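Got the viewer open? Let's take a walk through it, one selection at a time.

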Amino acid sequence: MSLQSRFSLQFGLTAALGVALALAASLALFAARMDAMSEDLRDDVETAIGAQMRKSAEALAGRFAEQIREPLLDYDRQSLTRAARDTLALTGAQELRIYDAHGRGVASGAEDGAAFASGAPAPLRALDDPDGVARWIEGDRLFSGRAVCIGPSCIGTVAVGVDGTDALREGAALAAEMDEAERSFFREAGLLGLGALILAALLAALVGWLLGRRLTRSLRGAVDALDQIAAGATDVSFDAQDAQLAELAAAVERVAESMANGKTAEAGILDDMTDGLFVARLDGEMVVANAALHELLGAAPPELVGASAFETFAIDPAETLEQFVERISGVSRITRRDGAGLTVMVSAKVAPGGVGVEGRVVGVVRDATAMAADIGRLRAAEARAEAANKAKTEFLSVMSHELRTPLNGILGGAAVLAGSELNPSQRSFVDIVQNSGKSLLTMVTDILDLTRIESGDAKVEESPVDVEELAQEIIAAVSEDAAAKNLKLLLRVQPGMPVISTDRDKLREIGSTLTENAVKFTEEGSVGLDVSYETVDGVVTLKLKVEDTGPGIDPAHAETIFDTFSQGDSSASRKHGGAGLGLAITRKLVELMGGKISVESTPGEGATFTVTLDAPVDADQPAKPRKQLPNIRTLVAAADKLQREALAEQLAHAGAKVETAQSATVALRMLESAQEKRQPFGLVVHPEDLPGFASSGLAEWLRGDGPAQSVASVSLRPESAMLDGLAQLPERVVLARTPPSFDDLIDAAMRAHAVAIGENAEDDDAAPPAPAPVDEEETRWPTMKVIEGDVQTPHVILAEHNEVNRIVLTSFLKKSGYEVHPAANGFDAVKLYKELMPKLIVMDVTMPLMNGLDAAKAVRRHEQEIEAPACVMIGLTDRGKEGERERCTAAGMNDSIQKPVKLDELEAKIERWASLFGGAEKGARTAAS
């Protein structure tokens, strides 16, 4: 395609595109405006008609509300129905309804009451102002409602419905007319726009064709002139058709003039360069030096031709071309011919094709005075930045120390105060001070650790480390928090791991941070710590993996979560707090110890953090003697794969012959099959919460008096449940805490097996003594106290998951004369209710394990099952959430209040419902107040 054609096509398409975009934007804006105008007009018509119709309905509702106060107060359905029908007969209304204070339908002017049997609509339920008006639409009817009040108390509501067909019909007709007008406009605008588009494209194509023709003529003239120069002509010129091509014409004429003066084309180009250029031989003699180089160095042409590059640029002579290039390249300070100093930058290279003494070095020289100044400023700024960073580190270190000092004083004082005689309320507030101080101290400690690492003060201090023992400590530290969330803790340490030489404190901090984070962000499921190793030439490659079933990590945040003050969820509404220092410090500690940390995660399926580092075997620490279970046929039953593999691995390392089962049903089938083949298992190891343990019959097989009485078993329980039901277990069943250490597991297995085969189980090596019996009454839920006397103190259950809120509300309720029984979740609240059957429950809607709505439903079901009178439940809802009040009502709650709770508002709510508590308890509360 020719240049003219390309110009014509490009100009035409560009113009067409511009017009099309402008037209589309205009039509879109106009369409949006027309839609808005149409909607506004339709709304205005409907509103005007509806308002006129509602005006009469609201007046009728007001008059009728005045008329039925006495019949509604007496709950006289017949009188109310008669009054409603009489009123409808005398007015133009379509329907008239009457509801009581609870929103239940009482009477209607219609023939049947089915229309309001489901209760008052939501707008009418929310009406609590005697002068307020509620409005809503049902089908083609417009309803207005008013409250029926006697003084400040409202005893019910009335609703009047009128025919809204006219308003709807006028709105629909207007909408149809507007739609047709809009379609007609767009058809006409589209045709006009298409015409404008074609016209603009044609005009632009013509302009492009003309410009291309002019440019083509100029280029053809330049080509002809160059052809003449190539043929040897020296007097060459051409007429440029465009002013922008005048420079091209001048350049062609200069080339011809240079050839006429006997110069080479190469020299002419060199003289036009703005940068200095030289060509030098290996001995340093410059054979070419352009005009720019003479001007830069203050010399008159051709003074530099034949001069030494070594002397000119103040460098030592070179023996090779490569050495020449290396020495002359870079920024250097030289002396001009006039004696002035100058900073220059030289870029040099060996000319292609030249070797040895015949070779040449080509260099380009530039004035680097401004660059040198910039480099100086950059270095000064870098020095200032380093000084500022050092000052920041020192400042943070000093401030961390200055913060920790008073914090330690606060914590110490609180600890002394906690050891004194305090009443329960004072002790609770002291606990708040201690817990808040510890959290702040942890934050300050993290900042101090970070500054120490960044300043280079942190060092690796090696000492003997028993990794299995350390892993048990890490798991034990988070066991309480995991138990509070009903999470399963899993631990697997590869057996036979030698004692290594590394920094125990830093390794513990790394493992603790990862497991604490896993427990913090996991709401259900499990958290596992998996420790494995490989030993090569006396060096252990330790791999520590922390797995959880939490929400996982967005792949976009997989790297940034290790940055300082960064979190996976940094939004203001994130669920978990924290400054985002834990993982940043962990990565720095891992790198300080020469290791690596990585994360793998799938959103919604949990995350796995892996730490890998090397440490030498501590040859001075002999391996611990391991107890053995030689050739005992053992069955491990566990649903979780990591737990099953860890138990099997430990038992096999002790010499047992291990088989595994993933469920209670499979385990029972394997036991029965082994019994039939007369190759019975001697030991069964399983977690206490193995799914189907009782229902499958496995519990009866292991703990009953049947054919399996000689089978020993080790039952793994959380430490908090170790004492439950000890008296009911046979001696061949031994309990061990979960996750067990190697020694704990083997000791328990040896004890159980010894009892099962009738050996003396009191031997110290084979069977450590059982723990001292503990009074089971002390471990049960504390007995709820009732104040004796003529009047009992009213009981109230306070279900609130936030400890600080729970303490504050408990203190307030106790001062108001109630015996308060706190619960941290809905499950505990339901349990307390079944034990105490109080008249009042204050229930947080959002709680772990079981939320407040499910707990309220469970309470109502229990009341129906035992035919007990309904208690009063007040829900605590989150501020800003829509529909919370309705959800509370649907769950069976009587009332709700938003958090943060205003104590006077809560008191007013309780006073409102106090009539339902009963006379005796009301009297007790009044007396207590």
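**Stop one: a charged network**

Start by selecting Glu95, Arg97, Glu138 and Arg141: a network of salt bridges links these four residues. Keep in mind as you go that this is a predicted model.

Now narrow the selection to Glu95 and Arg97. These two form a salt bridge, with their closest N and O atoms 2.8 Å apart. Are Glu95 and Arg97 buried or exposed? Both are buried. As a bit of background, side chains of opposite charge can pair when their charged atoms come close. If you'd like to hunt for others, a search of the whole structure turns up 26 salt bridges.

**Stop two: a bridge between helices**

Next, pick Glu473 and Arg508. Their side chains meet in a salt bridge, at 3.2 Å from N to O. Glu473 belongs to helix H13 (residues 467-484) and Arg508 to helix H14 (residues 504-521), so this pair ties together parts that are 35 residues apart in sequence. Switch on a surface and check both ends: Glu473 is partly exposed, with a relative accessible area of 27%, and Arg508 also counts as partly exposed, at 28% relative accessibility.

**Stop three: a loop and a helix**

Move along to Glu688 and Arg703. Here too the side chains meet in a salt bridge, this one at 3.1 Å from N to O. Which parts does the pair tie together? Glu688 sits in the loop between strand S20 (683-687) and helix H18 (698-703), while Arg703 is in helix H18 itself, so the link joins parts that are 15 residues apart in sequence. While you have Glu688 selected, note that it is partly exposed, with a relative accessible area of 23%.

**Stop four: the cysteines**

Time for some sulfur. How many disulfides does the structure hold? Just one. Select Cys149 and Cys154 and you'll find it, with an S to S distance of 2.3 Å. Turn the view to look along the S-S bond: the angle about it is 75 degrees, and the link of Cys149 and Cys154 is right-handed.

The two ends sit in different surroundings. Cys149 is buried, at a relative accessible area of 7%, whereas Cys154 counts as partly exposed, at 28% relative accessibility; the dividing cut-off is 20%, with buried meaning under that value.

Then hop to two more cysteines. Cys871 counts as buried at 3% relative accessibility, and Cys888 is buried as well, at 1%.

**Stop five: an enclosed strand**

Finish at strand S23, residues 795-799. Five of its five residues are buried, so the strand is largely enclosed by the rest of the structure. Show the side chains and look at which way they go: His795, Ile797 and Ala799 point one way from S23, Val796 and Leu798 point the other way, and all are buried.

What does S23 pair with? Add strand S24 (residues 819-823) to your selection: S23 and S24 pair in the parallel sense over five bridges. For a landmark in that pairing, find His795, whose bridge partner in S24 is Glu819.

Now bring in strand S25 (residues 840-844). S23 pairs with S25 in the parallel sense too, here over four bridges. The landmark this time is Val796, which stands opposite Leu840 in S25.

Note on methods: Residues numbered from 1 in each chain as written. Predicted model: local features only at pLDDT ≥ 70, side-chain atom pairs only at ≥ 80, totals over all residues. Heavy atoms only, no water. Buried < 20%, exposed > 50% of the residue type's maximum accessible area, 1.4 Å probe, protein only. Helix = DSSP H or I, 4+ residues; strand = E, 2+ residues; numbered from the N terminus. Pairing = 2+ DSSP bridges. Disulfide = S-S within 2.5 Å.
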